[in-house]
Amino acid sequence: MSTFEFLWQGILVAMQPMNLVYALVGVTLGTAVGVLPGIGPALTVALLLPATYKLDPGGSLIMFAGIYYGGMYGGSTTSILLNTPGESASIVTALEGNKMARAGRGGPALATAAIGSFVAGLLATLGLAFIAPYIVKLALVFGPREYFALMVLAFVTVSSAFGDSALRGLTSLFIGFALAMVGIDQQTGQARLSFGIPDLLDGIEVTTLAVAMFAIGETLYIAAQGNRIEDKVEAVKGSLWMNAQDWARSWKAWLRGTLIGFPIGAMPAGGAEIGTFLSYATEKRLAKNPEEFGHGAIEGVAGPEAANNASAAGTLVPLLTLGLPTTATAAIMLAGFQQYGLQPGPLLFATNPQLVWGLIASLLIANAMLLVLNLPMIGLWVRLLTIPKPWLYAGILLFATLGTIGANPSVFELGMLLAFGLLGYVMRLFGYPIAPTVVGLILGPLAEQQLRRALAISQGDVTTLVMSPIAAGLLVVAAAAFLIPLILRLRGRGQVLAQLAANED
């Protein structure tokens, strides 16, 4: 069957009434939570994981995807009206968007962000539909050596992409590896790191870790900050609609942002923030009036927001075709797949095509829903910004606890929730990223399994791991992904020290 036929079948699945409800719930929740400062789509999906434990797998994943897209949409509202980016990918939007809001042009800023997100999401989702089958064909030739090398690349890039330090990212990753070793070894049947506790024989639940580290850890961290100065919400003045000049200045930026964001999101070392910064720099370079940048240039909102949402669709390419998450939200979505006994990858397209293509088609529908939701309901989203933080985070704490009890009614599981929540708080306190720990717990056992298979085939000969050209190439890329940022960072530090020494002389 061709891609068009698969996509049409997916649209029929996504158009089922219950799946439409799931998509609507997802995009509404995602937008509402994306609007709230400091709460991103990763935290929202993590909170909903236990709550959807007994729901239909296809519907739950469609809801998660809607939350992902909705969270990306909602983040622009916070950045423009509050100058408080909810996620790193929304930082660039705040640069020009908040200046426009202060100048009384918050309406056009929100409109170009919403329409740009729709255009980028539509084009990038179609790109996902047509590119994914080719990557699946490539992945089908992978053996244990190639999969292990691919996971090493994923581990290195995830560790480097999150946080300011690759070393801290790797430390966080190895915490996830240690937690992944808890339980019964699948090959030998021996208990590992269970310390005689029967509840640990089944291993650490991914949902418990994700909810604890994202929700409980974030709540404790916010509570420890104490009282802060209240953020000023800029009122939306005048018309929400863009004039002819705004349209003329925005549409090219939307297309350029899509072309920049989608491939970067699809890369194993990608990330939405990289695409948004590149888009902003591109728009500033191509602008007829570059002096407007820094004072409220609409291109500085249109391009980065398009890049942000195109990157969100691009992130699903490695997740669905190879089973590799490149963002925190993708890592939680991977846990959602595994919650139903599904492993994203090339075989999922063959064994469960209805689910995969229904999920891809639902993104097109969710994208249209978001456009309808965002423009007329701006007033409602702005009101959400006035919710007091103590009420907001108390609700998150309550929902996280009840969700965990519902999925696994055990006193020991609640103790694990608290322990991992404290771990998440300490890691945030010292600047260690959270996502690599969750990725380590999810992908660690899979990497171990592929490594042991490769060594069993080669009768313990480690050198065969690099005998495959594909595996060797992936390991070289992984080494480069770790060493190049480290060298650049050391060189930059050396230049700063040399400049300080020169100033002292």
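**Packing of helix H13 against H9 and H19**

In this predicted model, the axes of helix H9 (residues 206–224) and helix H13 (residues 328–339) come within 10 Å and cross at roughly 150°; axes are lines fitted to C-alpha atoms, for helices over the stretch in contact, and angles run from 0 to 180 degrees between N-to-C directions. H9 is therefore roughly antiparallel to H13 (over 145 degrees; under 35 is roughly parallel, 65 to 115 roughly perpendicular and the rest oblique). On the H9 side, Val206, Thr207, Ala210 and Phe214 make the contact, and on the H13 side Ala328, Ile332, Ala335 and Gln339 (contact means heavy atoms within 4.5 Å). By class, six of these residues are nonpolar, two are polar and none is charged.

H13 also packs with helix H19 (residues 435–457), their axes coming within 9 Å and crossing at roughly 40°, which means that H13 is oblique to H19. Here Ala328, Ala331, Ile332, Leu334, Ala335 and Gln338 of H13 meet Ala435, Val438, Val439, Ile442, Leu443 and Leu446 of H19. This contact counts 11 nonpolar residues, one polar and no charged.

How confident is the prediction, and which helix scores lowest? The chain averages a pLDDT of 78, with 84% of the residues at 70 or above (pLDDT is the predictor's confidence in each residue, from 0 to 100). Helix H16 (residues 378–384) has the lowest mean among the elements, 66, and helix H18 (residues 411–429) the highest, 89. Where pLDDT is low, the predicted coordinates should not be read in detail.

Residues are numbered from 1 along each chain as its sequence is written, and side-chain values use heavy atoms, leaving out hydrogens and water. Local features need pLDDT of at least 70 and side-chain atom pairs count only at 80 or more, while totals for chains, interfaces and linings use all residues.

Terms used. Helix = DSSP H or I, 4+ residues; strand = E, 2+ residues; numbered from the N terminus. Nonpolar A, V, L, I, M, F, W, Y, C, P; charged D, E, K, R; others polar.
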